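User: I'd like to go through a few labels on this model and hear the reasoning behind each one. Can you start with the ground rule for contacts?

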Amino acid sequence: MAGNPPCPALPCASVNILDELQWRGLFADCTDTPELRKRLAASPITLYCGFDPTADSLHVGHLVPLLALRRFQNYGHHPIAVAGGATGSIGDPSGKSAERTLLTKEQIKANVDAVRPQLAKFLDFDRAGNPARLVDNADWTANVSYLDFLRDIGKHFSVNQMVAKESVRARMEDREVGISYTEFSYMLLQAFDFMVLNRDYNCELQIGGSDQWGNITAGMDLIRKKLQRPAFGLTLPLITKADGAKFGKTEGGSVWLDPKKTSVYRFYQFWINTADADVIRYLKFFTFLPPDEITALEAQHNANPGARIGHRALAKAVTALIHGEHATQEALRASEILFGGDLAGVSESTFNEIVGEVPTKEIEKAKLDGAGLPLVELLVHAGLSQSKGQARKDVEGGGVNINNVREANFQRAVTSADLLFGKHILLRKGKKNYVVVTAK
């Protein structure tokens, strides 16, 4: 991942962070909006959001709360990102219809180690005045015994209250699935986190997805009972697509922030393929573009959605934020190539993005030596034409490209001189049927 996201100038002091969140559609609910607004106006506040390491990478579903922490920091507040080394070993039942598979301690540690640097990329830990913090809740739970936790924390929760929480109630109503005592206890651990952060770092605000409301208010209750202090909760909307489908999923599964799990090209394409109805919402949710710029993009988008100006602005902004400007430019170039763009000057790393995204076919390098192989035979070998006769018709019809250059001579031979980087040939039939032939 790239370095910290570019830090915009601090917003005007007269503008409250809550106003920006509401304009962006990122305000779902708050435990006491008028009082939180007063508190935020009085002086910088410390806030936190937790991220359980259920995998060895964060995914795009984590972006809204991560970027919200950064938005608060840009307004001068003090963000804390909590890696859930402890809570991740239990599993949050919120938003889940079935019990999670428990991870081993080794898996959790490996995931925390992988996720920690990703969390660090979104926040500024060196900013003068309000540097961010990154902590692991395993640090304050590891030495707490089960009996001590029951006496000091569990005593302050009634089962009646816990059962009434939406995340628990929904699971209890499903007799076949139910909820284990382990996941039932999750909200106590998250409440404990909030109390510890309030006690040790004067953390007064917890933010999270709207499915976290019950866990957040449980922490506020614990702080009030144990520390006799006020605290606040703020939830962000759970992002869905315009058609109601879950955001962040593709046919290939989750869209990860780790380029080893989701290539930069595929990440860029995920945003480019955003539905027209979602583009402006996503520009507000997932970028730091200012309101006047998003408003201008909205006008252009509404006037001519087919130009995809909003889509490109979204894809470029989010990809640069996560992967950096250089990787974004490579993804842009790869995208252009797959729409017939010129290959002149393309780097091998950019071309390799394409190799991973289109069908590939191997061929013996010796077959391309000397006079080479007839194009019609290569088209059949690549599976782009069913027979040499069909291949001839395809070429004569003007639908065949070699390395994105149209070829109309069916007698053309393909030789080692056509190899890109000494090993690849990009064949295209029609507008979208690509095959990379790799010589070995």
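Analyst: Sure: contact means heavy atoms within 4.5 Å. Keep in mind that this is a predicted model.

User: Which residues does asparagine 401 touch, leaving out those up to four places away in sequence?

Analyst: Asparagine 401 touches Arg406, Glu407, Leu426, Leu427 and Arg428.

User: Why is asparagine 401 called buried?

Analyst: Buried means under 20% relative accessible area. Asparagine 401 has 6%, so it counts as buried.

User: What makes the link between asparagine 401 and arginine 406 a polar contact?

Analyst: A polar atom of the asparagine 401 side chain lies 3.0 Å from the backbone nitrogen of arginine 406. The cut-off is 3.5 Å, so the distance fits.

User: Where does asparagine 401 sit?

Analyst: In strand S11, residues 400–402. That strand belongs to an open five-stranded sheet with mixed pairing, in the order S9-S15-S14-S11-S12.

User: Why are S9 and S12 edge strands?

Analyst: Each has a single partner strand, so one side of each has no neighbour in the sheet.

User: How do you know that S14 and S15 pair?

Analyst: Pairing takes at least two bridges. Six bridges join S14 to S15, so they qualify, and they run antiparallel. Leucine 426 stands opposite valine 436 in S15.

User: And why is leucine 150 called partly exposed?

Analyst: The label covers values between 20% and 50%, and leucine 150 has 33%, so it fits. Leucine 150 lies in helix H6 and helps make a nonpolar surface patch of about 460 Å² with Tyr146, Leu147 and Tyr181.

Definitions and conventions. Residues numbered from 1 in each chain as written. Predicted model: local features only at pLDDT ≥ 70, side-chain atom pairs only at ≥ 80, totals over all residues. Heavy atoms only, no water. Patch = residues over 30% accessible without salt bridge, like charges linked within 9 Å, V, L, I, M, F, W, Y side chains within 5 Å. Areas by Shrake-Rupley, 256 points an atom, 1.4 Å probe, with all protein chains shown as cover. Salt bridge = Lys/Arg side-chain N within 4 Å of Asp/Glu carboxyl O. Helix = DSSP H or I, 4+ residues; strand = E, 2+ residues; numbered from the N terminus. Buried < 20%, exposed > 50% of the residue type's maximum accessible area, 1.4 Å probe, protein only. Polar contact = N/O pair within 3.5 Å; in protein donor to acceptor, adjacent residues only side chain to side chain.
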